[in-house]
Amino acid sequence: MQFFEYIERDSVMHSLNPVVKLVSIFLLMLAVTFVYEPYTPLIFSVLAFLQIIIMGRIPVREVFKMILPLILVLAGITITSIIAFNTAAEITPAVLFSAGRFIITVNSVKFGLTIGLRTLFFLLYSMLFVITTDPTDFIISLIRQLRLPARVGFGTLAGYRFVPLLGEEYRSIHQAHRIRGLREDKGAVAKFRRFRKYAVPLMVTATRKAQRVAIAMDSKCFYAYPERTYLREVKIRKIDIIYSIIFGIVCIVIFLALRNYGLLAWGYRSLR
Amino acid sequence: MEKSLKKQYGWTTLDVVMTAVVGVVFAVLYWAYNQLFAFVFPFVSASPVTLQAFVGFWFIAGTVAACIIQKPGAAFLGELIAAIISMLLGSIWGVWVLISGLVQGAAAEAVFAAFRYKKYNYFVVTLSGLFTALVSFFFPESVTEGYLAYSIPIIIGMLVVRMISGAILGGALGKAITGWVAKTGVFKNFKISKEKE
């Protein structure tokens, strides 16, 4: 298991404005979320995959390395949804399995697949975003285009830089415990105690780092004036507008095609 | 917004950076928790109700930020930043995590606001976790996971377990962690240290 990571490449997806990319993905996610049949999320998952490997020029191997560990969760979500779907034999006659009042119908399986494939679709599009977006550009874009307060933005960026340091910190705490002969017992209570033994020193070092960063920002008169300039400019350019239009058209065409073949269904009530 | 943060509510640069750092620390913990969750998922997923017992921990960043900073907006910002970093580290719910962060942060913020940002005791914190659990069940989780398609008894069971989880893991645990860390004296530049023990 590993973090999603920004992979530097020279591609169309990489050159897009982060906020434009995020908003276009979000709008599509919003639309697909209200669809209750497995075909739409499946087709858009394929689209996401193609966007990652063709438009993002990311090697297929990298994509699978990140998805495979999550397949178990996707399967779990699918099974939970199949079991929990509220269905009645008289409304949906195609019963696959029944035990007393508990029944599984064709529609429960459809519901489960919808939720499972939709999660795969969420996963792939968020991967497309993360893998092709420089975190620094993303935060600056949030400040410039979405008016996130700059102090919050740069604070977050400073914090994001701490992530690898936190891993190091975790290892040194672990070694400090080991060298002092601290046993790592099993069981829920021991696990909770251990969580505390790690959480407190981690928070302490993080707080100290935050103080140092804040002092550095203050001493360099960060945000002394309301107007400021930026070293890295992140703007909305022509390519963003062209991409948004083409992406929008492709999505609408896919929706229309699905409707044409009678596959599109909105709302979970369509499964009842 | 920049001006109002500073002038009206007395946010210092340190408060802003600290909130961001709390968000980041808990985003990493969320990530680790997600791995644990993925591991236990197949065992508990047989029942959607038991699954809800794990949810509360995802609300903890807002609680911790609020308890340390004790100023308007801390819970909201803490949870939002945790969500942004969570998305960057990788989450199966993708961009929806941002929306979850916004909603959860706003819900927690509403409870602290109801007490005029003056009380950060176990009662208020527990209430905030509980309320966050309730609100985020309906939006965005019901929308993304299709909970409303379940039968009513299951939905009620899920809500009850979820609210208890939110109160304990999202509320009380967050307060407990800040308490443990406060004992080390590292918070001496924050409002929390001006509290009477």
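Begin by selecting A:Leu28, which, once its neighbours within four places in sequence are set aside, is in contact (heavy atoms within 4.5 Å) with A:Phe44, A:Phe121, A:Tyr125, A:Phe247, A:Cys251 and A:Phe255. The model is predicted, with local features needing pLDDT of at least 70, side-chain atom pairs counting only at pLDDT 80 or more, and totals for chains, interfaces and linings using all residues. Residues are numbered from 1 along each chain as its sequence is written, chains are lettered from A in the order in which they are written, and side-chain values use heavy atoms, without hydrogens and water.

Next, add A:Phe44, A:Tyr125, A:Met203, B:Phe26, B:Ile68 and B:Phe187, which together with A:Leu28 touch the most other members of the largest nonpolar core, a set of 137 residues. Such a core joins buried Ala, Val, Leu, Ile, Met, Phe, Trp, Tyr and Cys residues through side-chain atoms within 4.5 Å, where buried means under 20% relative accessible area with a 1.4 Å probe, protein chains only. Colour domain 1 (12-133 + 236-271) and domain 2 (147-219) of chain A, bounds that come from an automatic or database domain assignment: both give residues to this core, so it lies between them.

Now show both chains, where 65 residues of chain B are in contact with 64 residues of chain A. The area buried between them (accessible area lost on being put together, 1.4 Å probe, summed over both) is about 5,900 Å², and carbon and sulfur atoms give 78% of that area. A search here for salt bridges (a side-chain nitrogen of Lys or Arg within 4 Å of a carboxyl oxygen of Asp or Glu) finds zero.

Notes
Buried means under 20% relative accessible area, exposed over 50%, partly exposed in between (1.4 Å probe, protein chains only). Buried area is the accessible area (1.4 Å probe) that two parts lose on being put together, summed over both.
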